[in-house]
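Biologist: I am new to this structure and would like to go through it with you. May I put my questions one at a time?

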Amino acid sequence: MLTTLNRRTILKAGAASLAAGMLPNIARGASSKTIRAVMHAPLRATDPVINTAWTGRNHGLNIYDTLFAMDSKFQIRPQMVESHEVSSDGLTYTFVLRPGLAFHDGAPVTSADVIPSLQRWGKRDTMGGRMMGYVAELKPVDQRTFQIVLKSPYGQVLQTLAKPASIFPFIMPARLAQQPPEQPVTEFIGSGPFRFLPSEFQPGSRAAYERNPNYVPRTEAPDGLAGGKVVKIDRYEWISMPDMQTAANALSNGEIDFLEAPPHDLLPKLAQDNKLVVADYNPLGFMSVVRMNWLTEPFNRPEIRQALMYASDQVDWLEAQVGNPDYYQPSVAMFGPNTPFASETGWNGKPDLARAKELLKKGGYNGAPVVMMQGTDSPMLYGSSTVTAQKLRALGMNVQVLTMDWGSILARRAKAEAATQGGWSVYHYVTTTADLMNPLTNTLIDTRGRASGIPGWPEDAEVEALRAKFAMEPSAEVQKSVADAIQARAYEVVTHIPGGLIKQPVCHAKALKGIVAAPAPLFWNVEKV
């Protein structure tokens, strides 16, 4: 357990670096059917195929729709699709769109829109790109019918079209989907349950959506990301408020209705407010992660990566990040606990300092600087980094901590230079479990090295061969055994170090009813009474 540091002292040390802001002007006297929400981060980039952040995903879920979706039981269910069939040889998938689908500009959704939308998405998304490698042809049959024709059988077609993680295969009008995938779209037109209001968009400050009166929801009850998307409010406003204490005060005062990510330290006080509800609508939660640079010293040697793993204690990280065991769960499951491919194979999540020191010596550590990028945007980033820096120094490693916001971390992560010349060695972050639950969506085990697009990402032919085997296998039982083998190998080479599960409740006004449990915040089916 963490002895010389605790969450309170870590947060106090990092307070000067954490983002702060003043309460923005919030419109008064708006419709009682308007939900004002402060999300975990502001919306800036609006093309969900370009913007891979959760903000892009959340924005996209409001205004676009998908062909299939995953429900709370991990079942694939049709969304825009009315019916589908697979040929006896497994090579041709035929899909029929639901009648009445229309874009926000009134144009009908047709096969001619679906095909370029999938093509553009497949050039940006890892799982989509893998599927497209097996596709011989995307073929329109008529306005509502299209086919995916494969070169050889592929076991993940529907799972790919229903993926509950970024990047979603959202359907756009053909004129937008035909743009190059690296060029952001500038019109925000989908066929989803909300319409985006560009005239009210202030990037980084405010976004607004209104109910799409022409949306025809499915008749099934909402379940996870699937089912009927019935909008029961007039508007939804996404408001930026960087200081969480200010946001909590605004929620208590009735100036906002929904707070997506209140800090865990504030939850007990918020729970005592009889006007508010604290609830966890994302049962899959989030996973803490430690990522090392395979390209440069010292973590280009497997023994050094293993030394960090055996020096680490998940409970220490979780205590620094969360501080309340009610909201965390130690777990070494690389695909997340309580998911179809959950496994405890590999590291046990507990420290073995003697082994760590042996591995450090075996790896020939020579005092090379360890440049740690420490995020200042959240206590969950700041606290865990402080713990790891302490652990590495105790092993005798030369640790240099660079504090920076998340945007700066992403910019520095893209550099291939040595750590002391503008590159990096290691950093912590948190990702949603929904992004990790399938070996093909899990970017942490994307072991293509430079081909993944990020310098320093792991490279291992054995993991990649296992991922290819998983993709081809239709049997759920065999898929599970292959996923176990992937995790075992990933721990052997240390692609990354899982830091355990973090539960992040939301807090909202009691007036909000009917919130759907899902991997992302959803505002359909919600009433404001």
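Biologist: Leaving aside neighbours within four places in sequence, which residues is Tyr64 in contact with?

Modeller: This is a predicted model. Tyr64 lies in the loop between α2 and β2. Once its neighbours within four places in sequence are set aside, its contacts are Pro48, Phe170, Ile171, Met172, Glu187, Phe188, Ile189, Gly190, Ser191, Gly192, Pro193 and Lys229.

Biologist: What separates the C-alpha atoms of Tyr64 and Ile189?

Modeller: Ile189 is one of the residues in contact with Tyr64. The two stand 125 residues apart along the chain, yet their C-alpha atoms are separated by 7.7 Å.

Biologist: Does Tyr64 count as buried or exposed?

Modeller: A residue is buried when its relative accessible area is under 20%. Tyr64 has a relative accessibility of 0%, and therefore counts as buried.

Biologist: Where is Asp47 placed, and is Asp47 buried or exposed?

Modeller: Asp47 belongs to the loop between β1 (34-38) and α2 (54-63). Beyond its neighbours within four places in sequence, Asp47 is in contact with Arg120, Met172, Gln183, Pro184 and Val185. Its relative accessibility is 2%, so Asp47 counts as buried.

Biologist: Which residues touch the most other members of the largest nonpolar core?

Modeller: This core has 112 residues, and the members that touch the most others are Leu67, Leu118 and Leu161. The element that gives the most to this core is α9, with six residues. For Leu118, contacts beyond four places in sequence include Met132, Leu138 and Phe146. The residues asked for are thus Leu67, Leu118 and Leu161.

Biologist: Which residues does Gln306 contact, leaving aside its neighbours within four places in sequence?

Modeller: Gln306 is found in helix α9 (residues 302-311). With a relative accessibility of 18%, Gln306 counts as buried. Its contacts outside that sequence window are Leu359, Glu492 and Val494.

Biologist: What is the order of the open sheet of six strands?

Modeller: The pairing in this sheet is mixed, and the order is β14-β18-β13-β17-β15-β16. The strands β14 and β16 (399-404) each have a single partner strand, so one side of each lacks a neighbour in the sheet, and the edges are β14 and β16.

Biologist: Which residue in β18 is the bridge partner of Phe286?

Modeller: Strand β13 (residues 286-292) pairs with β18 in the antiparallel sense over five bridges. Strand β13 is also joined to strand β17 (residues 426-432), antiparallel, by seven bridges, and there Phe286 stands opposite Thr432. In β18, the partner of Phe286 is Ile502.

Biologist: Which residue stands opposite Ile502 where β14 and β18 meet?

Modeller: Strand β14 (residues 328-329) runs antiparallel to β18, and two bridges join them. Strand β18 (residues 497-502) is mostly covered, six of its six residues being buried. The residue opposite Ile502 is Tyr328.

Biologist: How are the two faces of β10 covered, and by which residues on each side?

Modeller: In a regular strand the side chains alternate between the two faces of the sheet. Strand β10 (residues 235-239) has five of its five residues buried. One side holds Arg235, Glu237 and Ile239, and the other holds Tyr236 and Trp238.

Biologist: Which residues stand opposite Arg235 of β10 in β1 and in strand β9?

Modeller: Strand β1 runs parallel to β10 and is joined to it by five bridges. Strand β9 (residues 206-211) pairs with β10 in the antiparallel sense, also over five bridges. In β1 the residue opposite Arg235 is Thr34, and in β9 the bridge partner is Glu210.

Biologist: How far apart are the end C-alpha atoms of helix α12?

Modeller: Helix α12 (residues 379-395) has 13 of its 17 residues buried, so the rest of the structure largely encloses it. Just after α12, Gly396 takes a positive phi of about 100°. At 1.5 Å a residue the helix should span 24 Å, which agrees with an end-to-end C-alpha distance of 25 Å.

Biologist: What radius of gyration does the protein chain have?

Modeller: The protein chain has 15 helices and 21 strands, and its C-alpha trace spans about 65 × 60 × 40 Å along its principal axes. For 529 residues a compact globule would have a radius of gyration near 24 Å, which agrees with the value for this chain, 23 Å.

Terms used. Residues numbered from 1 in each chain as written. Predicted model: local features only at pLDDT ≥ 70, side-chain atom pairs only at ≥ 80, totals over all residues. Heavy atoms only, no water. Buried < 20%, exposed > 50% of the residue type's maximum accessible area, 1.4 Å probe, protein only. Helix = DSSP H or I, 4+ residues; strand = E, 2+ residues; numbered from the N terminus. Pairing = 2+ DSSP bridges. Expected span 1.5 Å × (residues − 1). Contact = heavy atoms within 4.5 Å. Rg over C-alpha atoms; globule rule 2.2 N^0.38 Å. Core = buried A, V, L, I, M, F, W, Y, C linked by side-chain atoms within 4.5 Å.
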